[in-house]
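Colleague: Could you take me through this model step by step, with the reasoning behind each answer?

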Amino acid sequence: MAGCAEITLYALLGSPSPGTMRVWSRINHQDVLILIDNGSTHNFLDVSSWSSLKLPLSTQESFTVKVANGEVLRTQGACHKVNLRIQGQEL
């Protein structure tokens, strides 16, 4: 499927691997544990986390994601320009 975003099994499970790293961060003044995964094409956020962080969601920008088992899912939307602070650095 051309142009489809992909997420690795490690990212789905939150499991450590040579290509992943767990770090504490802050989004909207709330501490969050994030998984940095060099095998995924995009950054993904669980809907319950999105809700508690009160991030704006553009539902017009839903797209498909190919997950590790080959299944293709549709996202509920996209969040843009989310400020992330890791070890004092804004990303």
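**Salt bridges and a hairpin**

Modeller: In this predicted model, glutamate 90 has a relative accessible area of 43%, and because that value lies between the cut-offs of 20% and 50%, glutamate 90 is partly exposed.

Colleague: Which residue forms a salt bridge with glutamate 90?

Modeller: A salt bridge calls for a side-chain nitrogen of Lys or Arg within 4 Å of a carboxyl oxygen of Asp or Glu. Here the closest N and O atoms are 2.8 Å apart, and the partner of glutamate 90 is arginine 85.

Colleague: How many salt bridges does this rule give?

Modeller: Besides the pair just described, arginine 26 forms a salt bridge with aspartate 31, where the closest N and O atoms are 2.6 Å apart. By this rule, the count of salt bridges is two.

Colleague: Is aspartate 31 buried or exposed?

Modeller: Being exposed requires a relative accessible area over 50%. Aspartate 31 has a relative accessibility of 52%, and therefore it counts as exposed.

Colleague: How many bridges pair strand S2 with strand S3?

Modeller: Strand S2 covers residues 20–27 and strand S3 covers residues 30–37, and they pair in the antiparallel sense. One of the pairings joins arginine 22 to leucine 35 in S3. Over the whole pairing of S2 with S3, the number of bridges is eight.

Colleague: Which residue in the loop between S2 and S3 has a positive phi near 65 degrees?

Modeller: The hairpin has two residues between its strands, and asparagine 28 in the turn has a positive phi of about 50 degrees. The value near 65 degrees, also positive in a residue other than glycine, belongs to a residue in the loop between S2 and S3, namely histidine 29.

Definitions and conventions: Residues are numbered from 1 along each chain as its sequence is written. This is a predicted model: local features need pLDDT of at least 70, side-chain atom pairs count only at pLDDT 80 or more; totals for chains, interfaces and linings use all residues. Side-chain values use heavy atoms; hydrogens and water are left out. Two strands pair if DSSP finds at least two bridges between them. Helices (H or I, at least four residues) and strands (E, at least two) are DSSP runs, numbered from the N terminus. Buried means under 20% relative accessible area, exposed over 50%, partly exposed in between (1.4 Å probe, protein chains only).
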